[in-house]
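Please read the following report alongside the sequence and the coordinates. It deals with aromatic and charged side chains and with the strands that carry them.

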Amino acid sequence: MAHRELISTYFKDDIYGSRAEVYRITESTVGLPSSFSIAYFNSNDAMLRTKHFTNSTLDSIEDKAENWALGE
């Protein structure tokens with residue numbers, strides 16, 4: 001079973017109030033490395049999509065979420 005930990009949230013400066021949340025996913029099996037995901041939400045708190053990343057650093061995942069929020 002995996003555990004999800006919210007790491008950071010990036011808000012889009014738009015009329016919709018969209019946001020991206022970065023999560024660390026830790027498997028319950030000892031010794032497995034953590035992976036990350038970004039969950040994208042609209043202003044109604046409806047999840048639009050989730051992207052999962054393995055073999056990536058937290059910094060690179062947060063950059064992706066921030067770039068999305070900035071519209072890049």
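The report below takes up the aromatic pair, the charges over rings, a strand hairpin, the salt bridges and one further strand residue. The structure is a predicted model.

**Aromatic pair**

A pair of aromatic rings is described by the distance of the centres and the angle of the planes. A search of the whole structure finds 1 aromatic pair. Its members are Y40 and W68, whose ring centres are 4.9 Å apart and whose planes stand at 65°, so the pair is edge-to-face, given that planes over 60 degrees apart are counted in that class. Y40 belongs to strand β3 (residues 35–41), whereas W68 belongs to helix α1 (residues 58–70), so the pair ties together parts that are 28 residues apart in sequence. Y40 is buried, its relative accessible area being 4%, and W68 also counts as buried, with a relative accessibility of 16%.

**Charges over rings**

The ring of W68 has a further partner, since the charged end of K12 sits over that ring, 4.3 Å from its centre. In a second arrangement of this kind, R19 lies over the face of F41, at 4.2 Å from the ring centre.

**The hairpin of β3 and β4**

Strand β3 pairs with strand β4 (residues 47–53) in the antiparallel sense, over 6 bridges. Within this pairing, the bridge partner of Y40 in β4 is R49, and Y40 is therefore a residue that both takes part in the aromatic pair and is bridged to the neighbouring strand. The hairpin has 5 residues between the strands, and D45 in this hairpin takes a positive phi near 65°.

**Salt bridges**

Side chains of opposite charge can pair when their charged atoms come close. The structure holds 3 salt bridges, which are listed here with their N to O distances.

| Salt bridge | N to O distance |
|---|---|
| R24 and E5 | 3.7 Å |
| R19 and E21 | 2.9 Å |
| D45 and R19 | 2.8 Å |

For the bridge of R24 with E5, R24 lies in strand β2 (residues 19–27) and E5 in strand β1 (residues 2–11), so the pair ties together parts that are 19 residues apart in sequence. Both ends are partly exposed, as R24 has a relative accessible area of 25% and E5 has one of 37%.

Which residues are linked in a network of salt bridges? The network consists of R19, E21 and D45, with R19 meeting E21 in one bridge and D45 in another. The bridge of D45 with R19 links distant parts of the chain, because D45 lies in the loop between β3 and β4 while R19 lies in strand β2, 26 residues apart. Are the members of this network buried or exposed? R19 and E21 are both buried, R19 having a relative accessibility of 13%, whereas D45 is exposed, with a relative accessible area of 52%.

**S35 in strand β3**

S35 also has its place in strand β3, and at 16% relative accessibility S35 counts as buried. When its neighbours within four places in sequence are left aside, S35 is in contact with Y23, R24, I25, F53 and T54. One of these contacts, R24, is the residue that forms the salt bridge with E5.

Technical notes. Residues are numbered from 1 along each chain as its sequence is written. This is a predicted model: local features need pLDDT of at least 70, side-chain atom pairs count only at pLDDT 80 or more; totals for chains, interfaces and linings use all residues. Side-chain values use heavy atoms; hydrogens and water are left out. Rings of Phe, Tyr and Trp (its six-membered ring) pair if their centres lie within 6.5 Å; planes under 30 degrees apart count as stacked, over 60 as edge-to-face and the rest as tilted. Helices (H or I, at least four residues) and strands (E, at least two) are DSSP runs, numbered from the N terminus. Buried means under 20% relative accessible area, exposed over 50%, partly exposed in between (1.4 Å probe, protein chains only). A charge sits over a ring if NZ of Lys or CZ of Arg is within 6 Å of the ring centre and within 35 degrees of the ring normal. Two strands pair if DSSP finds at least two bridges between them. A salt bridge is a side-chain nitrogen of Lys or Arg within 4 Å of a carboxyl oxygen of Asp or Glu. Contact means heavy atoms within 4.5 Å.
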